[in-house]
Amino acid sequence: MFRAYLKTAFFALLLAASSGMQAQDDHLLDHDVHVTDAENDGRVNTKDEIDSYIEHHLKDVHDFHLFSFTNDANERIHVGFPLPVIVWTTEGLKTFMSSEFHHDDSGEVLVQKGDVTLAKYHSKIYEIDNGANVLSFDEELHPNNAYKVLDFSITKSVFGLLLIGLLMVFMFGTLAKQYKKRSIPKGFGRALEPLVLYVRDEMARPNIGVEKSKKFMPYLLTVFFMIWIANLLGLTPLGFNITGQISITVCLALFTFVIVQFNGNKDYWKHIFWMPDVPILMKIFLIPIELLGIFTKPFSLLVRLFANITAGHVIVMGLVALTITLKEQFGVVGSTGLSLFLTLFLMVIELLVAFLQAFIFTLLSSLFIGMAVAEHDHPEHTGTGEEDVDIVRERFV
Amino acid sequence: MEELINDFSPGLFAMQAIVLIILIILLGKFAWKPILSALDDREQGIADALAAAEDAKLEMARLEASNEAAAQEARAQRDVMMKDAREIKEKMISDATIQAQEKADTIIANAQEAILAEKKAALADIKSQVANLSVEIAEKVTRQQLSEKDAQLALIDKMLAEANI
């Protein structure tokens, strides 16, 4: 019954999405008619256009754009659907659909909501100061008569996150339900179970310990699957770039940081502020280093994930763009073939990276948690901590 | 770096935090907890089953050993019994032989005694008959002597021949 309900909900969602898309298309049509004569209507043909397209892709966007094409009437058609914009302005909470910006990202289209005027520039929503009726910029191209509003919009990344959340609740809820009836799951659950076991047996238990890891399993499992699915979604043509958003990785790393600090036991703090078994002078010397270490660990987590995913996306898009950039040298077939071959090759690597980054993030999180909750029974155990750091350093490289 | 900080969106950060917290709580309660406890139960079950199998194996070995011991004991007992039986048999045979010997000896002794007694009796009878015969002969001889000497002697011979003992 539950399953039937889910199916109904899913199809209802699909229907709503497609009807929204239809409406968007109608809407876009008249919008696009008057931008057709703009210098380039979303066509990506030159190196600068490719660069700006990639840069744009790496940013979080406010509408879900699938693809664009030029129809017979020489009109540019964008296929996608708008996402809700939820912003906190000086006049309070404002919500509207992102279609009101008409795909504008240069701050030209102004949206009037009550007494506030909003503009979107480089994927950020600005509130223009009272009195002004156009967004002006300083010499560094930063808006100087507007300020960034608090943007709680369902952006593409938030949409992706919600999708991942639903997916995870569905997948693991189903798996959990299976165990009520049988001890060995069947179907897709049979593939999920080893992954759950992998997180537990390869990441949590060796680093935290069998008993202590129980408390942290929900966090580690959720984070592992969230990052992994987000990474994999980033490889689909839907064009998500969730884990390549610095805000997302900062949030994930901050969670690990908070969990580590709040679960650190006496030994953990003692190893930071008064390292045992070293001379007094060294103890004093080690305090700032260890204090810095508290912050560098989660910082390395957030930078590693962000940089790996961003680099992957940039390289894949750059290789896809080879079909354009190498057209003159190799011809259409040659450049497309080369692009296809290299992209395929890199996609395989990215598939591995998608898993690897989720794995490393979860592994290091559990390692940091394990170091914070470890019991040091004997003085010689302090050595293992150092070894762990060495292993971590090796992994950093 | 400046661009990164510029790219940082507090809104997206907040949304991610909210989604993550909700997911951790929701999945923690409805997915991870039942999944992990089911896995733990299953592993415990497997471990228990393995331990039970190991116990059963040990028990089997122990039973086999005790069976073997019992069989050994039974065999030993049987051997002892067989030995005893053989001894008893031999003893019985030898006893019977001795007894039979004794009985036979007694019978022979009795028979000899009886023979001896019969012999004596016979001898005594013969003696008495001889004496009677002697007396008869002597009487007849005496009667004949009175008549003739030769005839007397012939008669004695005749009589002696008659008195065939």
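**Helix α8 and the side of chain A that touches chain B**

Let me begin with one residue, A:D267, which you will find in helix α8 of chain A, and please keep in mind throughout that what we are looking at is a predicted model. Is A:D267 buried, exposed or partly exposed? Around A:D267 there are 19 C-beta neighbours inside 10 Å, and because a residue needs 20 or more to be called buried, A:D267 counts as partly exposed. If you now look for A:A372, you will see that 105 residues separate A:D267 from A:A372 along the sequence, while their C-alpha atoms are 7.8 Å apart in space.

Staying with helix α8 of chain A, which covers residues 266-273, we can follow its axis to where it comes within 7 Å of the axis of helix α9, residues 280-325 of chain A, and the two cross at roughly 130 degrees. The two helices, α8(A) and α9(A), are therefore oblique to each other. On the α8(A) side the contact is made by A:H271, A:I272 and A:F273, and on the α9(A) side by A:I287, A:E290, A:L291 and A:I294. Of the residues in this contact, five are nonpolar, one is polar and one is charged.

Let me turn, finally, to the two chains, where 35 residues of chain A are in contact with 28 residues of chain B. On the chain A side, the elements that give two or more residues are β9, α3, α4, α6 and α7, and the largest share, twelve residues, comes from α3(A). By kind, the residues on this side of chain A divide into 23 nonpolar, nine polar and three charged.

Definitions and conventions:
Residues numbered from 1 in each chain as written. Chains lettered and ligands numbered in written order. Predicted model: local features only at pLDDT ≥ 70, side-chain atom pairs only at ≥ 80, totals over all residues. Axes fitted to C-alpha atoms, helices over the stretch in contact; angles between N-to-C directions. Helix = DSSP H or I, 4+ residues; strand = E, 2+ residues; numbered from the N terminus. Parallel < 35°, antiparallel > 145°, perpendicular 65-115°, else oblique. Contact = placed C-beta atoms within 7 Å. Nonpolar A, V, L, I, M, F, W, Y, C, P; charged D, E, K, R; others polar. Buried ≥ 20, exposed ≤ 12 C-beta atoms within 10 Å, placed from the backbone.
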